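Biologist: Hi, could you walk me through this one? I'd like to hear about the helices and any odd backbone spots.
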Amino acid sequence: MGAICHLAQLIMNTLLQLPFNTQILGALFCMTMLLAWSSKSITFKEYKIPLWSLIYVPTLSVAYVFESINMIGLLWILILAITCTVHTKKYYPIISYSVLLILPFLLATHSLPGFNNVLLFKDAEISKDAISYSRFLNIDKISAGLFLFWFLFTNDQRQVFKRSIIKLALPVAIVTIVVTLALANISLIHIDIKLSQYLLLFVISNVLLTCMTEEAYFRGVIQNKLQLKNTYLAIIVSAVLFGLAHFGAGRLDYVLISMVAGLGYATVYHRTGSISASILTHATLNIIHFVFFTYPFAH
């Protein structure tokens with residue numbers, strides 16, 4: 001109990017030390033993503049308006065005031081919103097799909113101008129023998145994931161807390177987590193149980209931002225498209241591309257292990273049809289890694 005109270009105090013101190021703009025933007029983006037996950041909408045003059053949009057639009061305004069995004073960044077988001085709408089209505093499918101294949105990836109990899117992403121913590125030493133680690137509130141990546149999550153999946157696919165979904169997902173999720181971490185333990189990480197002051201920031205940003213965005217892209221854009229032709233091809237290709245997307249770390253073993261994890265996430269999605277199930281599998285693996293093993297990986 002004493003350790004938990006100490007951890008809670010560390011986490012609270014860390015949150016309070018964040019700049020005011022980071023606290024505000026972080027809270028607003030979390031509210032936006034949670035409302036998107038709830039799949040709730042309101043009807044206004046026969047039009048259905050997603051609840052998340054009522055928070056997201058003001059959030060972008062706040063980000064603009066704080067100079068975390070400029071007009072160019074807003075333009076990219078507008079193009080993405082239009083493309084998702086056009087794609088959903090099945091207009092110009094080849095063009096809209098091509099844009100969805102490229103634009104969200106560029107946003108998620110911070111390759112487009114117009115964004116000044118907010119720093120959560122910099123060069124933190126999560127594990128003593130690990131490389132330093134920084135975390136950002138990435139408005140570009142958040143926006144990419146948000147639109148893909150909402151437009152490419154149905155309300156049923158966004159649900160996860162059903163007994164039937166849990167029953168199908170749990171065995172694959174457990175195998176994915178155990179096998180991936182066991183392989184990583186060979187060369188990338190080792191056991192390092194810790195209670196970090198950055199735990200809450202990591203959990204929130206990882207579940208609602210990183211995992212939601214990555215899963216929405218690789219399941220919605222890649223796997224959904226390929227499984228129309230061949231289910232197994234869709235699983236394998238999405239897993240390989242997921243691994244290659246982690247090549248930026250400059251380690252081949254990290255890429256290969258990410259492919260194994262991607263294979264598990266894709267299988268969870270195939271078995272359940274639930275994007276939320278694959279998101280939570282992905283997030284659970286990352287959180288276990290953060291708490292119980294060297295993070296992000298050893299020197």
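Modeller: Here is a short tour, from helix packing to loops.

Modeller: This is a predicted model, where local features need pLDDT of at least 70, side-chain atom pairs count only at pLDDT 80 or more, and totals for chains, interfaces and linings use all residues. Residues are numbered from 1 along each chain as its sequence is written, and side-chain values use heavy atoms, with hydrogens and water left out.

Biologist: Thanks! At what angle do α8 and α12 pack?

Modeller: Helix α8 (residues 163–187) and helix α12 (residues 275–292) meet at about 35 degrees, and their axes are 10 Å apart. Axes here are lines fitted to C-alpha atoms, for helices over the stretch in contact, with angles from 0 to 180 degrees between N-to-C directions. Helices are DSSP runs (H or I, at least four residues), numbered from the N terminus.

Biologist: Which residues make that contact?

Modeller: On the α8 side they are Ile165, Ala169, Ala173, Thr176, Ile177, Thr180 and Leu181. From α12 come Ala277, Thr281, Thr284, Leu285, Ile288 and His289. Contact means heavy atoms within 4.5 Å.

Biologist: How many of those are nonpolar, polar or charged?

Modeller: There are 8 nonpolar, 5 polar and no charged residues. Ala, Val, Leu, Ile, Met, Phe, Trp, Tyr, Cys and Pro count as nonpolar, Asp, Glu, Lys and Arg as charged, and the others, Gly among them, as polar.

Biologist: What comes just ahead of α12? Where is Ser274 found?

Modeller: Ser274 sits in the loop between α11 (252–272) and α12. Its side chain reaches the backbone nitrogen of Ala277 at 3.1 Å.

Biologist: Is Ser274 buried or exposed?

Modeller: Ser274 counts as buried because its relative accessibility is 1%. The cut-offs are under 20% relative accessible area for buried and over 50% for exposed, with partly exposed in between (1.4 Å probe, protein chains only).

Biologist: And α11 itself, what covers its buried residues?

Modeller: The cover includes α7 (155–158), α8, α9, α10 (231–244) and α12. Among the buried residues of α11 are Val255, Met259, Gly262, Tyr265 and Tyr269. Just after α11, Gly273 has a positive phi of about 70 degrees.

Biologist: Switching to α5: how many residues does it have?

Modeller: Helix α5 (residues 93–108) has 16 residues and reaches 22 Å from its first C-alpha to its last, close to the 22 Å expected at 1.5 Å a residue. That expected span is 1.5 Å times one less than the number of residues. The buried residues of α5 include Ser96, Tyr97, Leu100 and Pro104, and its buried residues pack against α4 (71–88), α6 (139–151) and α9 (199–226).

Biologist: While you mention α6, which residues does Ser143 touch?

Modeller: Ser143 lies in helix α6 and touches Tyr56, Ile77 and Leu80, not counting residues up to four places away in sequence. Ser143 is buried, with a relative accessible area of 0%.

Biologist: Now the odd backbone spots. Where is Lys90 placed?

Modeller: Lys90 is in the loop between α4 and α5, and has a positive phi of about 65 degrees although it is not a glycine. Tyr92 is in the loop between α4 and α5 too, with phi near 45 degrees. Lys90 is exposed at 70% relative accessibility, and Tyr92 is exposed with a relative accessible area of 61%.

Biologist: Last one: which residues does the cis peptide bond join?

Modeller: The bond joins Tyr295 and Pro296, with omega about -5 degrees. Pro296 lies in the segment after α12.

Technical notes. Helices (H or I, at least four residues) and strands (E, at least two) are DSSP runs, numbered from the N terminus. A polar contact is a pair of N or O atoms within 3.5 Å; within protein, one must be able to donate a hydrogen and the other to accept it, and residues adjacent in sequence count only if both atoms are side-chain atoms.
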